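Student: Please give me a close look at a single part of this structure. Start with its packing, then work outward to the rest of the chain.

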Amino acid sequence: MKILSFESSAVSAAVCLTDGTRVIASAFQNCGLTHSRTLLPMAEQVLNNVGMQPSGLDGFAVAAGPGSFTGIRIGVATVKGLCFGTDKLCVGVSTLEAMAWNLYGMTGTISCVMDARAGQVYHARFALNGVQPPVRLTPDRAVTILSLGEEIGQNREILVGDGAEMCYTKLIEICPQIVLAPSHLIYPGAYGVAMAALSQFESGKTL
């Protein structure tokens, strides 16, 4: 199943073309430009580089939040337009669930965090067990950084997301076992969107 996936809910933007679990092509930018200038050109480049047209895809997937209202709107509007133009189906997935797929293959507990401003983060916790899909432990929610620290306590937790470094800096003294995800895996990526969407496509839970 060939899916073109979009991630634009945070400061970075990403597009990924997958066939099942295999990456065919991907693009990522974290350059400060608005997603309205980067997202669709990246999608066009990804498809052009592999000689595909949108009509040759099986569907589209997009990170539907939580996150930046403007970024999410751009991503959803882009996918909506592509679906109308090609008569293909789409799936919207949790941004935080998609982030958990960044660390697919690892083992441990992961906290996906996005800066929600005013001392809060959007947060969800997942369990990783090697090649098994991430298992959700909490719903997506907005929590204060302090309450997140109290929840983590002395447990070992891997932080991922655009709020990971901020949380690490503020919580390392009270949560000495927290660790940052590798720098190249911290930001949300479109491959995670594709993987979070794949089971919904396969079970017919599409829009």
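Tutor: Take helix α2. Its buried residues pack against β1 (2-7), α1 (35-49), β4 (59-63) and β5 (89-93). Keep in mind that this is a predicted model.

Start with the dimensions. Helix α2 runs over residues 69-86, which makes 18 residues. From first C-alpha to last, α2 reaches 26 Å, close to the 26 Å expected at 1.5 Å a residue.

Now the buried side. In α2, the buried residues are Gly-71, Ile-72, Ile-74, Gly-75, Thr-78, Val-79, Leu-82 and Cys-83. Why do these residues share a side of α2? Because they cover an arc of only 165° around the axis. The general rule helps here. An α-helix has 3.6 residues a turn, so residues three or four places apart point the same way.

Turn α2 over. On the face turned away from its buried side sit Phe-69, Phe-84 and Gly-85, and these residues are exposed. Then look just past the helix end. Asp-87, just after α2, takes a positive phi of about 60°.

Next, the nonpolar cores. The largest one has 27 residues. Its members touching the most other members are Ile-110, Cys-112, Val-121, Leu-148, Cys-167 and Leu-171. At least two residues of this core come from each of α3 (95-100), β6 (107-117), β7 (120-129), α4 (145-152), β10 (157-160) and α5 (164-171). There is also a second, separate core, with 21 residues. Leu-39, Ile-74, Val-79 and Leu-82 are included in it. Ile-74, Val-79 and Leu-82 are also among the buried residues of α2.

Look at Cys-112 in the largest core. Leave out residues up to four places away in sequence. Cys-112 then touches Leu-96, Met-99, Ala-100, Tyr-122, His-123, Ala-124, Phe-126 and Val-160.

What about disulfides? The structure holds zero. Take Cys-31. Its sulfur is too far for a bond, because the closest cysteine sulfur, in Cys-16, is 18 Å away. Cys-175 is in no disulfide either: the nearest cysteine sulfur, that of Cys-167, is 9.7 Å away. The cut-off is 2.5 Å between sulfur atoms. As for exposure, Cys-31 is partly exposed, with a relative accessible area of 47%. Cys-175 is buried, at 0%.

From the exposed face of α2, step across to a loop. Phe-69 and Leu-137 are 68 residues apart in sequence. In space they are 25 Å apart, C-alpha to C-alpha. Leu-137 is found in the loop between β8 (132-136) and β9 (141-144). Leu-137 counts as partly exposed, at 48% relative accessibility. Leaving aside neighbours within four places in sequence, Leu-137 contacts Thr-109, Arg-125, Phe-126 and Ala-127.

Arg-125 leads to the salt bridges. The count comes to eight. Glu-157 forms one with Arg-125, and the closest N and O atoms are 2.4 Å apart. Glu-157 lies in strand β10 and Arg-125 in strand β7, so the pair ties together parts 32 residues apart in sequence. Glu-157 counts as buried, at 3% relative accessibility. Arg-125 counts as buried too, at 9%. The cut-off for buried is under 20%.

Go on to strand β9. The side chains of Arg-141 and Glu-151 meet in a salt bridge at 2.7 Å, N to O. Arg-141 lies in strand β9 and Glu-151 in helix α4, so this pair ties together parts 10 residues apart in sequence. Arg-141 counts as partly exposed, with 23% relative accessibility. Glu-151 is partly exposed as well, at 35%. Arg-125, Arg-141, Glu-151 and Glu-157 are linked in a network of salt bridges.

One more pair. Glu-97 and Arg-136 meet through their side chains in a salt bridge, 3.9 Å from N to O. The pair links distant parts of the chain. Glu-97 is in helix α3 and Arg-136 in strand β8, 39 residues apart. Glu-97 counts as partly exposed, at 27% relative accessibility. So does Arg-136, at 34%.

Back to α2 to finish. Its buried residues lie on the same side. That side packs against β1, α1, β4 and β5. Phe-69, Phe-84 and Gly-85 are exposed on the face turned away.

How values were computed
Residues numbered from 1 in each chain as written. Predicted model: local features only at pLDDT ≥ 70, side-chain atom pairs only at ≥ 80, totals over all residues. Heavy atoms only, no water. Buried < 20%, exposed > 50% of the residue type's maximum accessible area, 1.4 Å probe, protein only. Core = buried A, V, L, I, M, F, W, Y, C linked by side-chain atoms within 4.5 Å. Helix = DSSP H or I, 4+ residues; strand = E, 2+ residues; numbered from the N terminus. Contact = heavy atoms within 4.5 Å. Expected span 1.5 Å × (residues − 1). Arc of directions from axis to C-beta. Salt bridge = Lys/Arg side-chain N within 4 Å of Asp/Glu carboxyl O.
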